[in-house]
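Work through the exercises below with the sequence and the model open. Try each task before reading its solution.

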Amino acid sequence: MEVITGGITILLLGFVTRRLLGVPVGWPRTIVVSLTVLSVMGGVGARLGNDLGWIDAQRQLTPGTDPLAMSLVYVLVMAWSVAVGLGVLVILEAMVPTGSLPSPVGVLRDLPARQRRSRRYVRIVAIAARHGLGGFLRARGPVRVGDDAPRVARSLRLAMSDAGVTFVKLGQMLSTRPDVVGPAFADELGRLTSQVAPQPWAEAERTLREELGAPPAEVFAHIDPEPLAAASVGQVHAARLHDGSSVVVKVQRSDARRQVTADLDIMRRLARQLERSTRWARSLRVVALTEGFAANLDEELDYRVEAENTEAVRRATTGTVQVPRVHHDLSGPRVLVMERARGRELSRAGTVLAGLAPPVRGELARALLAAVLRQMFGTGVFHADLHAGNVLLDDDGTLTLLDLGSVGRLDKVARTALGRMVLAVDRGDPVAATDALIDVLGRPHDLDDRELERELGILVVRYGSGPAGSTRLFGDLMSVVVRHGFAVPAQVAAAFRALAALEGTLRLLDPDVDVVGTTRALGEDLFGDRLEPAQLRAGLEEQLMRVLPVLERLPRRIDAIADAAQHGELRLGVRVLADPADRSFLTGIVSQLVMTLLAGAAAVCAVLLVLADGGPLLAEGVRLLPVLGVTLFLFAFVLAARALALAFRHTGEHEWGARPRP
């Protein structure tokens with residue numbers, strides 16, 4: 001019975017403490033604190049009863065004891081038990097906030113995964129140390145690499161390559177964000193590849209059987225067990241269908257999904273920890289970046305998405321440049337079957353290129369650039385990784401685009417703004433190019449418009465001089481963007497990165513290709529039709545349909561404003577703190593201020609009452625004024641503890657990057 005009574009008392013004490021504190025506190029720590037405080041304050045109450053002569057040595061009530069005074073004192077002891085519990089919880093919340101440590105049940109449940117993560121942590125740290133990056137793992141604050149940026153970037157690329165598919169994909173994603181990692185790291189990480197030893201045929205065959213629902217020997221007339229190429233996500237096998245068509249079969253590695261899931265779990269935990277502990281991670285919104293990367297990687301692991309991307313790019317590509325056709329009936333989440341393209345990779349097609357006349361090579365380069373620009377500005381879906389290894393050149397001069405797992409997407413607003421930039425470059429107008437750049441990227445708060453116009457004007461003049469000056473067009477444009485503090489959206493960064501990678505591929509086709517001149521000529525074809533009367537009329541009609549309801553109401557509203565001004569009834573109403581979030585924020589500040597003032601005033605009054613002489617007696621040796629002072633000091637303590645708890649909570653939300661306001 002005593003155990004049940006004690007348990008109920010502890011739970012009641014914990015409930016009252018949580019309610020008075022006013023912030024969410026974990027029940028485990030509340031129960032532990034309540035048990036500890038109740039034990040200590042129980043001893044204090046017994047000692048106080050002995051000192052006042054209310055309880056004898058046999059723990060019996062002394063005859064003549066005033067029950068009212070004893071009850072009042074013990075109520076105060078219980079109340080101070082709650083107050084002491086509040087103080088301990090406030091200190092714990094300040095030092096170790098609720099939720100910062102896993103629960104015991106969660107620790108036991110997560111123990112196997114924790115062991116796997118630990119082994120992976122050790123391997124990643126070992127890889128980093130092997131490539132000379134161990135010092136960066138121990139750094140507490142920001143690290144300035146300075147002139148060592150190229151060397152550190154190369155070490156980071158090699159370490160990411162050794163760490164596996166997830167880190168390779170992370171590096172490739174970071175290479176599209178020079179505004180985050182800097183141009184040197186973006187250039188180096190853009191060279192990441194994921195070539196690894198192939199998976200045994202038995203593993204690949206099991207995956208094919210699971211995805212196709214039948215043995216590969218029944219689905220294909222022939223399939224080569226030796227892969228044509230192998231990467232960290234999958235490998236490609238040559239095959240032939242029963243109708244005689246030559247195809248390639250892309251099979252995902254059996255351990256790819258498991259490895260990616262484990263690495264993404266580590267990255268999410270690391271991102272949350274960085275946002276809690278560092279200001280730079282909060283400014284970069286590392287958690288949001290990680291979640292976006294995880295979503296993109298999940299898409300890449302689903303070959304159905306790649307099949308859809310391939311079809312979208314294929315519809316926007318015609319003529320000399322082709323995209324293989326996908327056999328959707330044989331493809332699935334982990335298997336992709338496509339027609340086999342003929343030719344050699346451009347990076348290995350030196351012999352074929354040497355046999356082509358310069359005009360033919362120039363036409364091929366212009367056709368490839370035209371195909372990519374039509375993808376970007378036509379459908380908005382474009383190949384985002386057009387390095388020389390992803391382009392095949394056939395003997396008849398046909399170019400085939402491979403590996404559509406990584407594509408970029410531009411919405412209509414971005415396509416229109418980038419199109420305006422192309423037209424501005426064509427006209428040599430840096431002012432229009434600046435306006436288009438600001439429209440597509442957004443204006444930084446400290447942007448120097450004139451300086452940006454001057455730098456874009458220099459680029460227009462430099463790269464308008466001919467082929468020799470156009471080698472670094474898109475790379476230098478991205479450097480200008482980063483230098484002026486633009487936050488580059490991922491879709492636009494992917495477009496710039498794709499064009500920068502495309503420049504190297506175009507150089508292999510034709511070392512003398514005029515990228516700017518070709519882009520200008522194609523810009524006239526791509527955007528010139530938008531200036532034709534029919535297109536202009538369609539655009540105006542579309543805009544008119546959107547603003548027509550406003551125009552219909554405009555005369556009536558103007559008439560109402562003029563009538564009110566004529567009669568002296570025109571008023572301007574401004575609601576201060578109209579946003580509920582603003583009102584909530586101000587209410588919280590005022591509440592904390594009021595609680596703090598009340599706590600201070602109550603504490604001063606309590607000290608005066610405790611130190612006061614005289615006053616009526618409640619019992620022998622117990623005066624009323626000190627009891628009132630102790631009671632008032634109790635209220636001051638509770639108010640101060642509540643104010644501190646709320647202050648610590650709001651400070652924690654600010655430091656961890658939480659956003660209390662929408």
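Helices here are DSSP runs of H or I with at least four residues, strands are runs of E with at least two, and both are numbered from the N terminus. By that count the protein has 27 helices and 13 strands. The model is predicted.

**Exercise 1. Get an overview: what share of the 662 residues counts as buried, and what share of the contacts with a separation of 6 or more comes from residues 24 or more positions apart?**

Step 1. Buried means under 20% relative accessible area. On that basis, 39% of the 662 residues are buried.

Step 2. Turn to the contacts with a separation of 6 or more. Residues 24 or more positions apart supply 66% of them.

**Exercise 2. Trace the pairing around strand 4: which strands does it join, and in what sense?**

Step 1. Start with strand 3 (residues 234-240). Seven bridges link it to strand 4, and the two run antiparallel. Ala238 faces Val248 of strand 4.

Step 2. Look at the link between them. Strand 3 and strand 4 make a hairpin, with five residues in between. In the turn, Gly244 has a positive phi of about 95°.

Step 3. Now take strand 6 (residues 335-339). It pairs with strand 4 (residues 246-252) over five bridges, again in the antiparallel sense. Val249 has Val337 as its bridge partner. Lys250 has Leu336.

Step 4. Check burial. Six of the seven residues of strand 4 are buried, so the rest of the structure largely encloses it. In strand 6, four of the five residues are buried.

**Exercise 3. Lay out the open sheet of four strands: what is the strand order, and which strands stand at the edges?**

Step 1. Read the order. It is 5-10-9-7, and the pairing is mixed.

Step 2. Find the edges. Strand 5 (321-322) and strand 7 (344-345) each have a single partner strand, so one side of each lacks a neighbour in the sheet.

Step 3. Inspect one pair. Strand 5 and strand 10 (residues 399-401) are parallel and share two bridges. Val321 lies opposite Leu399 of strand 10.

Step 4. Add the helix. Helix 18 (residues 358-379) lies across strand 5, strand 9 (391-393) and strand 10. The helix runs at about 30° to strand 10.

**Exercise 4. Describe the surroundings of helix 8: how many of its residues are buried, and how does it meet helix 7 and helix 13?**

Step 1. Count the covered positions. Nine of the 10 residues of helix 8 are buried. Among them are Val165, Phe167, Lys169 and Met173.

Step 2. Take helix 7 (residues 149-163). Its axis comes within 7 Å of that of helix 8, and the two cross at roughly 140°. Helix 7 and helix 8 are therefore oblique. Met160, Ser161 and Ala163 of helix 7 touch Phe167, Val168, Leu170, Gly171 and Leu174 of helix 8. That contact has six nonpolar residues, two polar and no charged.

Step 3. Take helix 13 (residues 256-277). The axes of helix 8 (residues 165-174) and helix 13 come within 8 Å and cross at roughly 60°. Helix 8 and helix 13 are therefore oblique as well. Val165, Thr166, Phe167 and Leu170 of helix 8 contact Gln259, Val260, Asp263, Leu264 and Met267 of helix 13. The classes are six nonpolar, two polar and one charged.

**Exercise 5. Now view helix 13 from helix 5: at what angle do they pack, and how far apart are the axes?**

Step 1. Read the geometry. Helix 5 (residues 111-130) packs against helix 13 at about 80°, with axes 11 Å apart.

Step 2. Classify it. Angles of 65 to 115 degrees count as roughly perpendicular. Helix 5 and helix 13 therefore fall in that roughly perpendicular class.

Step 3. List the contact. Helix 5 gives Arg117, Arg120 and Tyr121; helix 13 gives Gln259, Asp263, Asp265, Ile266 and Arg269. By class there are two nonpolar, one polar and five charged residues.

**Exercise 6. Place Gln199: is this residue buried or exposed, and which side chain does it join through a polar contact?**

Step 1. Locate Gln199. It sits in the loop between helix 10 (183-189) and helix 11 (201-212).

Step 2. Judge its burial. The relative accessible area is 11%, so Gln199 is buried.

Step 3. Find the polar partner. The side chains of Gln199 and Ser254 form a polar contact of 2.7 Å.

Step 4. Widen the view, leaving aside neighbours within four places in sequence. Gln199 then contacts Ala204, Gln235, Gln252, Arg253, Ser254 and Asp255.

Definitions and conventions. Residues numbered from 1 in each chain as written. Predicted model: local features only at pLDDT ≥ 70, side-chain atom pairs only at ≥ 80, totals over all residues. Heavy atoms only, no water. Pairing = 2+ DSSP bridges. Contact = heavy atoms within 4.5 Å. Axes fitted to C-alpha atoms, helices over the stretch in contact; angles between N-to-C directions. Buried < 20%, exposed > 50% of the residue type's maximum accessible area, 1.4 Å probe, protein only. Parallel < 35°, antiparallel > 145°, perpendicular 65-115°, else oblique. Nonpolar A, V, L, I, M, F, W, Y, C, P; charged D, E, K, R; others polar. Polar contact = N/O pair within 3.5 Å; in protein donor to acceptor, adjacent residues only side chain to side chain.
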